[in-house]
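Colleague: Could you take me through one part of this model slowly, as you would for someone in their first year? Please pick a spot to begin, then work outwards from there.

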Amino acid sequence: MTHSAILTAAGLHQTDLTGGDLTVRSPIDGAVLAQVHQTTAADMPATIARAQAAFAAWRNIPAPRRGELVRLWGEELRAAKAELGALVTLEVGKITSEGLGEVQEMIDICDFAVGLSRQLYGLTIASERPGHRMAETWHPLGPVGIISAFNFPVAVYSWNAALALVCGNPVIWKPSEKSTLTAMATQKTMERALARFGDDAPDGLCQLVIGGADLGAALAASRDVPVLSATGSTRMGGIVGPQVMARWGRPILELGGNNAMIVAPSADLDMAVRAIVFGAVGTAGQRCTSLRRLIVHRSIHDDLVARLERAYATLPIGDPRSPGTLIGPLIDSAARDRMLAQLDKARAEGGRVFGGAAVTEGVPDDGAYVSPALVLMPEQTDTVRTETFAPILYVMHYDDLEQAIAMQNDVPQGLSSCIFTLDLREAETFLSAAGSDCGIANVNIGPSGAEIGGAFGGEKETGGGRESGSDAWKGYMRRQTSTVNYSRHLPLAQGVRFDL
Ligand code: NAD
């Protein structure tokens with residue numbers, strides 16, 4: 001399929017693709033895909049006001065009825081899966097199955113949210129006063145701003161939007177400036193769902209704004225956006241988080257990771273090798289959960305490294321649309337330059353690098369293709385502690401599990417982690433309070449590829465936010481504790497007496 005056929009199939013029209021000043025290129029071959037119109041910072045107050053007006057109506061629609069909108073959206077996404085997946089591949093360079101997988105993740109969270117729309121449960125709490133009933137109720141909070149990153153151009157939006165909508169909140173989406181077309185096509189699926197849903201959905205319920213950091217800053221600054229979910233670099237979160245908190249808003253921060261795997265002597269090495277390679281080079285190392293550090297027991301270190309070198313030597317790199325390709329391009333040449341510069345730093349710190357070069361043969365012209373790098377490090381240096389958004393895997397060794405866990409935790413980020421072991425004591429120690437300090441900790445599974453059913457997010461510089469499954473929905477609602485007195489007396493709590 002040609003580039004323009006993919007854009008048309010995803011529902012984008014000439015008016016969407018021409019006449020604007022934001023140039024959109026495909027990372028596959030550098031081709032210009034569109035000149036997109038941008039929202040301006042001056043447009044933001046009216047956008048936020050529309051969302052506030054929508055909130056006044058939407059919060060009164062019963063939650064199961066709100067869930068019906070999300071059910072319809074899931075239907076539209078199912079119908080558009082192939083086309084939207086192809087657009088994800090074209091715009092951010094994911095291989096075909098990962099592009100489709102990203103849309104599947106949207107469908108999955110819609111299903112979850114539809115069920116949730118009948119389960120926004122509060123508690124009933126025993127009151128210490130006779131003739132009193134105490135309860136907790138969850139209410140919507142208001143417009144939710146969603147700032148998303150290029151590497152999950154649509155799934156992260158859906159984690160937020162599907163939950164926010166059933167919780168009774170309008171959404172304003174500011175996608176990455178590197179993935180605007182996928183956002184526009186996704187917005188069209190939502191518009192089709194809204195049209196089918198009918199008049200219960202107010203204008204301004206689901207808005208999309210296209211542009212750069214200034215639009216995100218407008219969402220962060222506005223008191224009329226009580227929740228701001230921001231996914232991206234720790235640099236961005238370090239700016240946006242304090243801005244939201246300074247005006248008493250609620251940030252949900254999903255920031256960078258520096259994810260490790262511990263490989264213990266008892267590990268099933270065949271399984272570990274597969275998990276390592278997918279974790280480290282899948283999505284060309286551009287997942288927040290990508291495997292970046294391998295902490296291997298000294299007794300198996302050389303064997304595992306030899307197996308990995310063999311696997312790395314034959315990895316199919318190239319056009320992500322071609323069957324068999326496992327590694328597509330990096331998002332742009334700046335990402336490639338950062339990767340190569342980081343490898344130079346690692347060499348200067350005593351690292352031995354395998355792979356890690358620009359690839360120009362057998363790949364489309366004008367894409368930033370690289371061979372993934374394995375870097376044998378003498379210790380965990382500052383370079384290793386830094387997230388580089390590219391396929392670099394630092395390999396280090398350990399002698400006892402306590403030391404391995406200390407190394408795993410000794411980075412500023414706290415997103416995902418895992419251990420490969422068949423030893424129950426080691427596995428449970430890794431998952432215990434004295435084990436991994438990350439939001440995600442797996443056993444005999446790599447650090448990436450989470451399901452939507454669990455709460456997703458991490459600690460420390462990863463930001464502390466939780467999205468997607470479990471009770472992450474509570475982040476989009478306010479909790480109200482109510483005590484009702486149905487007696488003929490007015491007893492005070494704690495036995496306090498105040499007789500008039
Ligand atoms: P980025 O920080 O450059 O941009 C992310 C988004 O933030 C974009 O929409 C951008 O326009 C916006 N933005 C940037 N500066 C801003 C500012 N000052 N105010 C308001 N908005 C601003 O990140 P990226 O390169 O698109 O994505 C890669 C990063 O995202 C990696 O660090 C990765 O680990 C992280 N990430 C984290 C998760 C997670 O769930 N923890 C998921 C995906 C990506």
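Modeller: Let's begin with strand β5 (residues 144-147) and strand β6 (residues 171-174), which pair in the parallel sense over 4 bridges. Two strands are said to pair when DSSP finds at least two bridges between them. Strands (E, at least two residues) and helices (H or I, at least four) are DSSP runs, numbered from the N terminus. To see the pairing for yourself, find G145, which stands opposite I172 in β6. Before we go on, this is a predicted model: local features need pLDDT of at least 70, side-chain atom pairs count only at pLDDT 80 or more, and totals for chains, interfaces and linings use all residues. Residues are numbered from 1 along each chain as its sequence is written.

Now widen the view. β5 and β6 belong to an open sheet of 5 strands in the order β7-β6-β5-β8-β9, with parallel pairing. At the edges are β7 (206-208) and β9 (250-254), each pairing on one side only. Ignoring direction, neighbouring strands of this sheet are turned by 15° against each other on average.

A helix joins the picture here: α10 lies across β8 (227-231) and β9, and runs at about 165° to β9. Such angles run from 0 to 180 degrees between N-to-C directions, and axes are lines fitted to C-alpha atoms, for helices over the stretch in contact.

α10 also leads us to the ligand. Both α9 (213-221) and α10 (234-246) supply at least two residues each to the shell around the ligand, and the largest share, 4 residues, comes from α9. There are 30 residues around the ligand, and A149, G216, G232, E254 and C288 come nearest; a residue is near if its C-beta atom, placed from the backbone, lies within 6 Å. By class, the shell has 15 nonpolar, 11 polar and 4 charged residues. Here Ala, Val, Leu, Ile, Met, Phe, Trp, Tyr, Cys and Pro count as nonpolar, Asp, Glu, Lys and Arg as charged, and the others, Gly among them, as polar.

Next, look at two helix pairs. Helix α6 (residues 96-116) and helix α7 (residues 155-166) pack at an angle of about 15°, with their axes 9 Å apart. α6 and α7 are therefore roughly parallel to each other; that label is for angles under 35 degrees, while over 145 is roughly antiparallel, 65 to 115 roughly perpendicular and the rest oblique. α6 passes α7 in a right-handed crossing: the near helix is turned clockwise from the far one by less than a right angle, and anticlockwise would be left-handed. Among the residues that meet are M106, I109 and C110 in α6 and W159, A162 and L163 in α7, where contact means C-beta atoms, placed from the backbone, within 7 Å. The contact of α6 with α7 has 10 nonpolar, 1 polar and 2 charged residues.

In the other pair, the axes of helix α5 (residues 81-92) and helix α8 (residues 180-197) come within 9 Å and cross at roughly 165°. That makes α5 roughly antiparallel to α8. The crossing of α5 and α8 is left-handed. L84, L87, V88 and E91 of α5 make the contact with L181, T182, A185 and T186 of α8. This contact of α5 with α8 divides into 5 nonpolar, 2 polar and 1 charged residues.

Methods: Contact = placed C-beta atoms within 7 Å.
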